[in-house]
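Work through the exercises below with the model open beside you. Try each task before reading its solution.

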Amino acid sequence: MKIDVVYFARYREVLGRDGERLEGSFATVADVREALLAQGEGYELLAEQNLMCARNQDLCKLAEPVADGDEVAFFPPVTGG
């Protein structure tokens, strides 16, 4: 299974990239996040409790199922002022 991962805002800045392609066996967005966390340095920011995510450009929860070819995006919560 191939998943395209996209990073926004602070996540993109810290990781130094717009996104990447992951290959593996993933059932949910949480599985994608766990695979990224296992990559080590820099990725620990994806462990934040208030992280937001989207699957194929629709906001979702970490329990959202994923399929081959999906796009999963991670971004920090939006705050107002």
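## Exercise 1: a buried aspartate

The side chain of Asp70 reaches the backbone nitrogen of Ala67 at 2.7 Å. A polar contact is a pair of N or O atoms within 3.5 Å; within protein, one must be able to donate a hydrogen and the other to accept it, and residues adjacent in sequence count only if both atoms are side-chain atoms. This is a predicted model: local features need pLDDT of at least 70, side-chain atom pairs count only at pLDDT 80 or more, and totals for chains, interfaces and linings use all residues. Residues are numbered from 1 along each chain as its sequence is written, and side-chain values use heavy atoms, with hydrogens and water left out.

**Task.** Place Asp70 in the fold, then list its contacts beyond four places in sequence.

**Solution.**
1. Asp70 sits in the loop between β4 (58–60) and β5 (71–75). Strands (E, at least two residues) and helices (H or I, at least four) are DSSP runs, numbered from the N terminus.
2. Asp70 is buried, with a relative accessible area of 6%. Buried means under 20% relative accessible area, exposed over 50%, partly exposed in between (1.4 Å probe, protein chains only).
3. Leaving aside neighbours within four places, Asp70 is in contact with Lys2, Ile3, Asp4, Arg55, Asn56 and Pro65. Contact means heavy atoms within 4.5 Å.

## Exercise 2: the sheet

**Task.** Write down the strand order and find the edges.

**Solution.**
1. The sheet is open, has five strands and runs β2-β1-β5-β3-β4, with mixed pairing. Two strands pair if DSSP finds at least two bridges between them.
2. β2 (19–23) and β4 are the edge strands. Each has a single partner strand, so one side of each is left without a neighbour in the sheet.
3. The twist averages 30° from one strand to the next.
4. β3 (residues 52–55) pairs with β5 in the antiparallel sense over four bridges. There, Arg55 stands opposite Val72 in β5.
5. Helix α2 packs on the sheet and touches β1, β2, β3, β4 and β5. The direction of α2 makes about 65° with that of β5. Axes are lines fitted to C-alpha atoms, for helices over the stretch in contact, and angles run from 0 to 180 degrees between N-to-C directions.
6. β1 and β2 run antiparallel, joined by five bridges. Val6 has Gly19 of β2 as its bridge partner.

**Task.** Sort the residues of β2 by face.

**Solution.** In a regular strand the side chains alternate between the two faces of the sheet. Glu20 and Leu22 form the covered face of β2, while Gly19, Arg21 and Glu23 form the uncovered one.

## Exercise 3: the core

**Task.** Which residues of the largest nonpolar core touch the most other members?

**Solution.**
1. The core has 19 residues; Val5, Tyr7, Val32, Leu36, Leu46 and Phe74 touch the most other members. A nonpolar core is a set of buried Ala, Val, Leu, Ile, Met, Phe, Trp, Tyr and Cys residues joined through side-chain atoms within 4.5 Å.
2. β1 (2–7), α1 (9–15), α2 (29–37) and β5 each supply at least two residues of this core.
3. Beyond four places in sequence, Val32 is in contact with Ile3, Val5, Leu22, Phe26, Val66, Val72 and Phe74.

## Exercise 4: two cysteines

**Task.** Why is there no bond between the sulfurs of Cys53 and Cys60?

**Solution.**
1. The two sulfurs are 3.9 Å apart, too far for a bond. A disulfide is a pair of cysteine sulfur atoms within 2.5 Å.
2. Cys53 is buried at 3% relative accessibility, and Cys60 is buried at 16%.
3. The whole structure holds zero disulfides.
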